[in-house]
Amino acid sequence: MNISKIDLNLLIYLDVLLREKNVTRAASQLNITQPAMSNGLKRLRNLFNDPILVRTSDGMVPTERARSLSPVIRKILLELEEALQGEEDFNQEHSQRVFRIMASDYAASTLLPKLLKKINKIAPNVTMDIMTPSDVNFHDVEAGKIDMAINRFDELPQSFHQKTVWRDSFSCLLSADNEVVTKFNLNSYLASKHVWVSKTGFGVGVGMDPKDVQKLGWVDEALARLGKKRDIKVFTRNYHVAMQLAYEDDLIATLPTKAALLHKDDANFTIVKPPFDIPDIELKMIWSPLLHHDASHIWFRGLVMEAAADC
């Protein structure tokens, strides 16, 4: 094979096709027509003398040859991206860049107000587009469609870059009028009604089963280690809803301390330490290797960490 006769665009086509496993989605991502993408696949098949993608009952599946090519092509494209990026500085004062961020409700409530304040001060024309975990998936981040995802992640693809934003403990948020405040211990905690709140990772959430402790998260796993179980009255994925329910319905909301402290100056609430040990959680930001060397992205990552230090 004479490399001088290879159209390098075909390598880009191949990279996207192997990620999407769908000609229509690959064409949409590359902003080309479906016939053009189909023609690209035909040329790739001729180039490698291999079907590349084969239609099965599970959809289009890469061949063994295509799977072996995937990491090689990705490495080539990343190195080429880095070489072409250059060292041009990011002009924050005049940039009109839109940063698209997937942020959990927890991160959006605690971190993003501080981040926006910094952006408004030093980069007045920069815009943030905030998305929820159900709006995006890992492929969106990997392809660089989303600049960054900020959340708590149980598992991450090894190709992603990641950085810990902070570690946070847990606190209990209660209505100041809740009678349990006067004698707050493990027994009174377990005798009370609770609101559960959590959302990690990506994708559309599913209904919770109160009996499935392993899926309930840090708080309930910590109780299970003590042989205890709390009485969950409401499940929600929204921290502000959990806080409001704690106030209006005398429920206990056990949530990350930085979220609870949003009400530290509100006389309607009381914040107390949980009567049992709960491991700290880790908030992370993750991003695609395709954006790792981008000057504007480097600037933005630094700003996120500065904002986190102020929280």
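These exercises walk through a predicted model of one protein chain.

**Exercise 1. Describe the chain as a whole: what are its extent, its secondary structure and its buried share?**

Solution.
- Step 1: Take the extent. The C-alpha trace spans about 80 × 50 × 30 Å along its principal axes.
- Step 2: Count the elements. The chain has 13 helices and twelve strands.
- Step 3: Turn to burial. The chain has 311 residues, and 44% of them count as buried.

**Exercise 2. Find the residues that UniProt assigns to the feature "domain: HTH lysR-type", and describe that span.**

Solution.
- Step 1: Locate the feature. An unreviewed UniProt entry places "domain: HTH lysR-type" at residues 6-63.
- Step 2: Read its make-up. Residues 6-63 are 60% helix and 14% strand.
- Step 3: Take the distance between its ends. The end C-alpha atoms of this span lie 21 Å apart.

**Exercise 3. State how many disulfides the structure holds, then classify cysteine 172 and cysteine 311 as buried, partly exposed or exposed.**

Solution.
- Step 1: Recall the cut-off. A disulfide needs two cysteine sulfur atoms within 2.5 Å.
- Step 2: Give the count. The structure holds zero disulfides.
- Step 3: Classify cysteine 172. Its relative accessibility is 0%, so cysteine 172 counts as buried.
- Step 4: Classify cysteine 311. Its relative accessible area is 30%, so cysteine 311 is partly exposed.

**Exercise 4. Describe the largest cavity: what is its volume, and which residues and elements line it?**

Solution.
- Step 1: Count the cavities. There are two cavities of 30 Å³ or more.
- Step 2: Take the volume. The largest cavity measures about 100 Å³.
- Step 3: List the lining. It holds 15 residues, and Val197, Ser198, Leu216, Val219 and Arg230 lie nearest the centre of the cavity.
- Step 4: Assign elements. β8 (193-197), α10 (218-225) and β10 (252-256) each give two or more residues to this lining.
- Step 5: Sort by class. The lining has nine nonpolar, three polar and three charged residues.

**Exercise 5. Work out which strands are joined by the salt bridges of arginine 167 and lysine 193.**

Solution.
- Step 1: Find the partner of arginine 167. Arginine 167 forms a salt bridge with glutamate 282, and their closest N and O atoms are 3.7 Å apart.
- Step 2: Place this pair. Arginine 167 sits in strand β6 (residues 161-168) and glutamate 282 in strand β12 (residues 281-287), 115 residues apart.
- Step 3: Check accessibility. Arginine 167 is exposed at 52%, while glutamate 282 is partly exposed at 28%.
- Step 4: Find the partner of lysine 193. The side chains of lysine 193 and aspartate 231 form a salt bridge, at 2.6 Å from N to O.
- Step 5: Place this pair too. Lysine 193 lies in strand β8 and aspartate 231 in strand β9 (residues 231-236), 38 residues apart.
- Step 6: Check accessibility again. Lysine 193 is partly exposed at 38%, and aspartate 231 is partly exposed at 33%.

**Exercise 6. Say how many salt bridges the whole structure has, and describe the pair of arginine 25 and glutamate 20.**

Solution.
- Step 1: Give the total. The whole structure has 14 salt bridges.
- Step 2: Describe the pair. Arginine 25 and glutamate 20 meet through their side chains, with an N to O distance of 3.2 Å.
- Step 3: Compare accessibility with the cut-off. Buried means under 20%. Glutamate 20, at 12%, therefore counts as buried. Arginine 25, at 45%, is partly exposed.
- Step 4: Look for a network. Salt bridges link Asp15, Arg19, Arg74 and Glu142.

Technical notes. Residues are numbered from 1 along each chain as its sequence is written. This is a predicted model: local features need pLDDT of at least 70, side-chain atom pairs count only at pLDDT 80 or more; totals for chains, interfaces and linings use all residues. Side-chain values use heavy atoms; hydrogens and water are left out. Buried means under 20% relative accessible area, exposed over 50%, partly exposed in between (1.4 Å probe, protein chains only). On a 1 Å grid over the protein atoms alone, a cavity is a set of points where a 1.4 Å probe fits but cannot get out, and a pocket is an open set with protein on both sides within 12 Å along at least five of seven lines; lining residues have an atom within 4 Å of a point. Grid points are joined across faces, edges and corners, and a volume is the space filled by probe spheres set on the points. Helices (H or I, at least four residues) and strands (E, at least two) are DSSP runs, numbered from the N terminus. Ala, Val, Leu, Ile, Met, Phe, Trp, Tyr, Cys and Pro count as nonpolar, Asp, Glu, Lys and Arg as charged, and the others, Gly among them, as polar. A salt bridge is a side-chain nitrogen of Lys or Arg within 4 Å of a carboxyl oxygen of Asp or Glu. UniProt positions are given in the numbering used here, feature names are shortened, and annotations may be inferred rather than shown by experiment.
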